[in-house]
Each structure stands twice: as C-alpha cells, then as structure tokens.
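Could you walk me through this structure step by step? I am new to reading protein models and would like a friendly guide.

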Amino acid sequence: MKRIVSWWTDYIANGIPYVITLRTPPRADCIVISFQQAIEFVPGVASLTERSSGRGIMDMMVKYKGNSALFNREILTAAYKRRGFEKLHTVMSKGRFLVFSVK
C-alpha cells in the first residue's frame, strides 16, 4: 500500500503524463523545435521529453500539472503565437493522447 501511495504522490506532484504526436512535412526541424518550445511555455508543463521522431511524425511525453480539459486549447494558443503554425490543427484528442498536424 505504501508503494502505491508513494507512486500516486509522485505521479500527481510531477504532473500527469500526456502523449503528444505532431505530424509535420518531412524535414521540418524548425517547426518541431518551435512546437516543443511553445509547449514548454504553457503554464503547468513540468517537463517535455521527445520519445521518437522520423518521417514527419514526432512523439513526445509531456508532464502537465493543470486543468486537463484546457490543455489542448493552451497548446494551440501557445503555438498560434509563433510563425509557421497557421495550419496547425487537432487531429485527435482522447484522454491523455493528443495528435496535432501542421500539414
């Protein structure tokens, strides 16, 4: 029981993990970096880790401490403030899994 309580405390204290996938055109390194920076500036984001990338698809793990219902909107708001995200849209948003595309 103590292990479960310890795990849960750490889980809540460091933020709930979200899996975010970004679909981009090939060779869009600047867009990827800018998107990651936009997410890092969202209030409540504790950490961002790139899990994998290639062929225009990048997966990230983001730990977020905040209102999960508003997280998608906060990501879009932060990204829209940057150049190159005029075509950014949500492909899918289901629980802790978010997919965005700039294609």
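Is T21 buried or exposed? Before we settle that, keep in mind that what you see is a predicted model. Now find T21 in strand β1, which covers residues 16–23. The relative accessibility of T21 is 13%, and residues under 20% count as buried, so T21 is buried.

What does T21 touch, leaving aside residues up to four places away in sequence? Its neighbours are I57, M58, D59, L98, V99 and F100. With D59 there is also a polar contact, in which the side chain of T21 meets the side chain of D59 at 2.6 Å.

From T21 we can hop to S53, a residue of strand β2. Along the sequence, S53 and T21 are 32 residues apart, while in space their C-alpha atoms are 9.4 Å apart. S53 has a relative accessible area of 53%, and the cut-off for exposed is over 50%, so S53 counts as exposed. The side chain of S53 has a polar contact too: it pairs with the side chain of E50 at a distance of 2.9 Å.

E50 leads us on to helix α2, where you will find Q36. E50 is one of the residues that Q36 touches, along with L48, M58 and M60, again not counting residues up to four places away in sequence. You have met M58 already, as it is also among the residues touched by T21. Q36 is buried, because its relative accessibility is 13%.

Let us stay with helix α2 and look at how it packs. Two packed helices are described by the angle between their axes and the distance between the axes. Here, helix α2 spans residues 29–40 and its partner, helix α3, spans residues 68–80. They pack at an angle of about 125 degrees, with their axes 8 Å apart. Why is this pair called oblique? An angle over 145 degrees would count as roughly antiparallel and one of 65 to 115 as roughly perpendicular, and about 125 degrees falls in neither range, so α2 and α3 are oblique to each other. Their crossing is right-handed.

Which residues make this contact? On the α2 side they are F35, A38 and I39, and on the α3 side they are I75, A78 and A79. Sorted by class, the contact has six nonpolar residues, with no polar and no charged ones.

Just beyond, look for F41 in the loop between α2 and β2. F41 has a relative accessible area of 65%, which means that it is exposed. Although F41 and I75 are 34 residues apart along the chain, their C-alpha atoms are separated by 9.0 Å. I75 should sound familiar, since it is one of the α3 residues in the helix contact.

To finish, let us visit two arginines in loops. R27 is found in the loop between β1 and α2, and R55 lies in the loop between β2 (45–54) and β3 (57–64). What is notable about the phi of R27? It is positive, at about 55 degrees, although R27 is not a glycine. R55 likewise has a positive phi of about 55 degrees without being a glycine. R27 counts as exposed because its relative accessibility is 84%, and R55 is exposed as well, with a relative accessible area of 84%.

Methods:
Residues are numbered from 1 along each chain as its sequence is written. This is a predicted model: local features need pLDDT of at least 70, side-chain atom pairs count only at pLDDT 80 or more; totals for chains, interfaces and linings use all residues. Side-chain values use heavy atoms; hydrogens and water are left out. Axes are lines fitted to C-alpha atoms, for helices over the stretch in contact, and angles run from 0 to 180 degrees between N-to-C directions. Helices (H or I, at least four residues) and strands (E, at least two) are DSSP runs, numbered from the N terminus. Angles under 35 degrees count as roughly parallel, over 145 as roughly antiparallel, 65 to 115 as roughly perpendicular and the rest as oblique. A crossing is left-handed if the near helix is turned anticlockwise from the far one by less than a right angle, and right-handed if clockwise. Contact means heavy atoms within 4.5 Å. Ala, Val, Leu, Ile, Met, Phe, Trp, Tyr, Cys and Pro count as nonpolar, Asp, Glu, Lys and Arg as charged, and the others, Gly among them, as polar. Buried means under 20% relative accessible area, exposed over 50%, partly exposed in between (1.4 Å probe, protein chains only). A polar contact is a pair of N or O atoms within 3.5 Å; within protein, one must be able to donate a hydrogen and the other to accept it, and residues adjacent in sequence count only if both atoms are side-chain atoms.
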